[in-house]
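Okay, thanks everyone. I'll put the structure up and then talk through a few spots in it.

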Amino acid sequence: MRSTPSTSPPPPSSSSSVYSSTCRYKFNYMVSKLMVSVIIPLLFLSLLVVQVSSSCNQIDQDSLLAFSGNISTSSPYPPLNWSASSDCCYWEGITCDGDSRVTHLLLPYRGLTGFISPSITSLAALSHLNLSHNRLSGNLQNKFFSLLNHLLVLDLSYNHLSGELPPFVADNSSSTGTGVIQELDLSSNSFNGTLPSSLLQHLAAAAGGGSLVSFNVSNNSFTGQIPTSLFCINDHNSSSIRFLDYSSNNFDGPIQPGLGACSKLERFRAGFNFLSGPIPSDIFNVVSLTEISLPLNKLTGTIGDGIVSLTNLTVLELYSNHFTGPIPQDIGKLSKLERLLLHVNNLTGTLPPSLMNCVNLVVLNLRVNVLEGNLSSFNFSGLQRLATLDLGNNKFTGVLPPTLYACKSLAAVRLASNQLEGQISPEILGLKSLSFLSISTNNLRNVTGALRILTGLKKLSTLMLSKNFFNERIPNDKNILDPDGFQNLQVLGLGGCNFTGIIPGWLANLKKLEALDLSFNQISGSIPPWLGTLPQLFYMDLSVNLLTGIFPTKLTGLPALTSQQANDKVERAYLELPVFAAANNVSLLQYNQLSNLPPAIYLGTNRLSGSIPIEIGQLKVLHTLDLKKNNFSGNIPVQISNLTNLEKLDLSGNQLSGEIPDSLRRLHFLSYFSVAYNNLQGQIPTGGQFDTFSSSSFEGNPQLCGSVIQRSCPSQQSTDSTAASSSSNRKVLIGLITAFCFGFAALVTVLALWILSKRRINPGGVSDKIELESISTCSNNGVHPEVDKETSLVMRSEGKQDQLFDPILRGKGYEGEMLQVLDVACMCVSHNPFKRPSIREVVEWLRNVGSGNQHRNKD
């Protein structure tokens, strides 16, 4: 049988195996060589290209380093991580494009101080610059606005930049002349002057070209007319501008026509200026407007009926102007309106019934106008979003409108200073969110019922009921209040009601009460000591009543008035509407924040007697203390000088005796002071704030004397002779010190020459060089202050100055001058001869003794 041959290959011979291995080796070697010689260099080159392409442009880096050299950061802000050794494209706030050019410089809220370097204009590719909310100061350099040739966004708002704006500098190499700037914000700085015409022309071109959408220069000190038509009227008959803000400057003159051409304008603000004339009617053609804000100007005329065509309006602020006439009858067409602020004008007529169609209203303020009509006939029930309503200071009649209680979102209501009558209805308890209620100066009645009902408003923090409930008795029943009633009450006004009775005991339960007004009533009895235990009370007005008794010592322990730390812990809420302090003491000022209400105690025009307690010096937070027109007797407590925050002190019309404490001169904030019509005697203090008070502050005290009332004191003549003697003694003392210093200096000179003659000169003596430099510094610039101060203070602390002072001068008011002379003497006898002054310096200092102009700091 023949076997079938095998198909598998024969085993390789040894020679072919060697050949195959050699080929593989040569191939691997060639591949390796190729990788080393070609591929690896290519990889290295590609990495190098990536590295080069990602590195910052050198011109940009140098510009940024120059910029950073003029700014710094302050605590708690960390310093910038900008370093010349690192790629600027990776620095904080920096973004680069594909060509490694800097396009974004964004450093808002970084606590930067310093000024903006001119080098920033070298960033030729910069498109976004935001340095807002820092502390940068100084002027913008002349070519700064050349950046507008390529910037899209420029925001320098909320800094301390000042001066006039530089002109715009055009880039002639630019291919486009219209400008690319989209947003320009210079608000909240200290810029002044007029807006440069070249800048405005460039911005107008940008608006006409379709790029500029926002221009904000608010909160500066710019002058001139506001440029409105410039941004709106152009060759393209269109404008891209959407936001214009000129508010809080010094712009004046009329608002020029032309805004009507800004068809895309959404928000227009120019309030808090000096603008005059009427609102140009063409503005009513800009149907895209959502906000018109022109408050606090001098605008006149009527609010044109054309305004109702602006159906997209959500904010209309025209308050504090001189507008007259009625509110447009079709105001209800502005159904998107959320804020309608027309207060403090001269508007007349009634509330338009269509106003109820403004169902999105959140704030409605018509205070201080001449509006009239029966308020209870107006239907408020549709205004479900209304949170703040202020109709105060008008001529509305009727009762509190029942439909108002359907507005469940109401948090603040002021109907004060109208002609409303009737009683407070229990339906008011439906206003669960109400925290502010002012219905003062009306003809309401039944205060007991009102307090019983209002105690159910758990969120109530401000309650002003003054000048109502005339001649009623103020309820004193502690059970009148719900145990949880008025627990959030911070401000309570019950002044000017002519109430009888005593200070009600239920006030002791109001632990959050901060301001209490019971002035202009006929409340009798004594001041209850528990008033001094109310933990947050810092403003109390009990003036113009029939209170008797003493000033309770416990009142001097009011926590919020004795400790600044305790006062700082008092909750000072922001009031939804301002509180008007209309009593005799704060001159019709208004306060939107309780923190702005000055800490005060008003007890004037009562029948209080006894002495003013010395513990009154504990009320260190107090700004106003008014005790006038009472029967206080005794001395003025010296401890009042501890009230270092005191701004007003009125002790007039009492029976105080003794002298005016000289220590009151330490009250450096005291701007009003009166002790008129008492029984005071002696010399009126001089110096400090006492040099600013007129004679009326001291009249009615026959035994007072002093230059301010042109009445010489009995000892004036002897004082004059003493002064002459003092002057003579002073000259003698100056002469003795001068002679002593001169003799001592001569002795030191002789000794120094003798020592130097015995000393071997050392060419390399570094210590000698330092000593000689210090000698030079000492003789040219003065004596080191620490050495001199230490020397004189040792003598003073040991009481040794009395051994030097002339007995004739003691107690004569020359202690300050004598201490100054003592300081000079101490320097003359310093243990270090090189610290002693020259004769010329001694003479100069002694010549200025008493003038307060001595400059003995020689360091």
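Before anything else, a word on what I mean by a cavity: a set of grid points where a 1.4 Å probe fits but cannot get out. And keep in mind that this is a predicted model.

So, how many cavities of 30 Å³ or more does the structure hold? Just one. The space inside the largest cavity comes to about 80 Å³. Who lines it? Going along the chain, you've got L400, P401, L404, Y405, V413 and L415, then I428, L431, L434, L437 and I439. Sort that lining by type and you get 11 nonpolar residues, no polar ones and no charged ones.

Next up, helix α5, residues 447-454. Is that helix mostly covered or mostly open? Mostly covered: six of the eight residues in α5 are buried. Those are V447, G449, A450, L451, I453 and L454. And what do they pack against? Two strands, β29 at 436-438 and β31 at 462-464.

Last bit, some strand pairing. Take β22, residues 346-349. On one hand, β22 runs parallel to β20, residues 324-325, with two bridges joining them. In that pair, G325 sits opposite L347 of β22. On the other hand, β22 also pairs with β24, residues 370-374, again in the parallel sense and over two bridges. There, the residue facing L371 of β24 is G349. As a general reminder while you look at these, side chains in a regular strand alternate between the two faces of the sheet.

That's what I had, happy to rotate the view if anyone wants another look.

Terms used. Residues are numbered from 1 along each chain as its sequence is written. This is a predicted model: local features need pLDDT of at least 70, side-chain atom pairs count only at pLDDT 80 or more; totals for chains, interfaces and linings use all residues. Side-chain values use heavy atoms; hydrogens and water are left out. Two strands pair if DSSP finds at least two bridges between them. Helices (H or I, at least four residues) and strands (E, at least two) are DSSP runs, numbered from the N terminus. On a 1 Å grid over the protein atoms alone, a cavity is a set of points where a 1.4 Å probe fits but cannot get out, and a pocket is an open set with protein on both sides within 12 Å along at least five of seven lines; lining residues have an atom within 4 Å of a point. Grid points are joined across faces, edges and corners, and a volume is the space filled by probe spheres set on the points. Ala, Val, Leu, Ile, Met, Phe, Trp, Tyr, Cys and Pro count as nonpolar, Asp, Glu, Lys and Arg as charged, and the others, Gly among them, as polar. Buried means under 20% relative accessible area, exposed over 50%, partly exposed in between (1.4 Å probe, protein chains only). Contact means heavy atoms within 4.5 Å.
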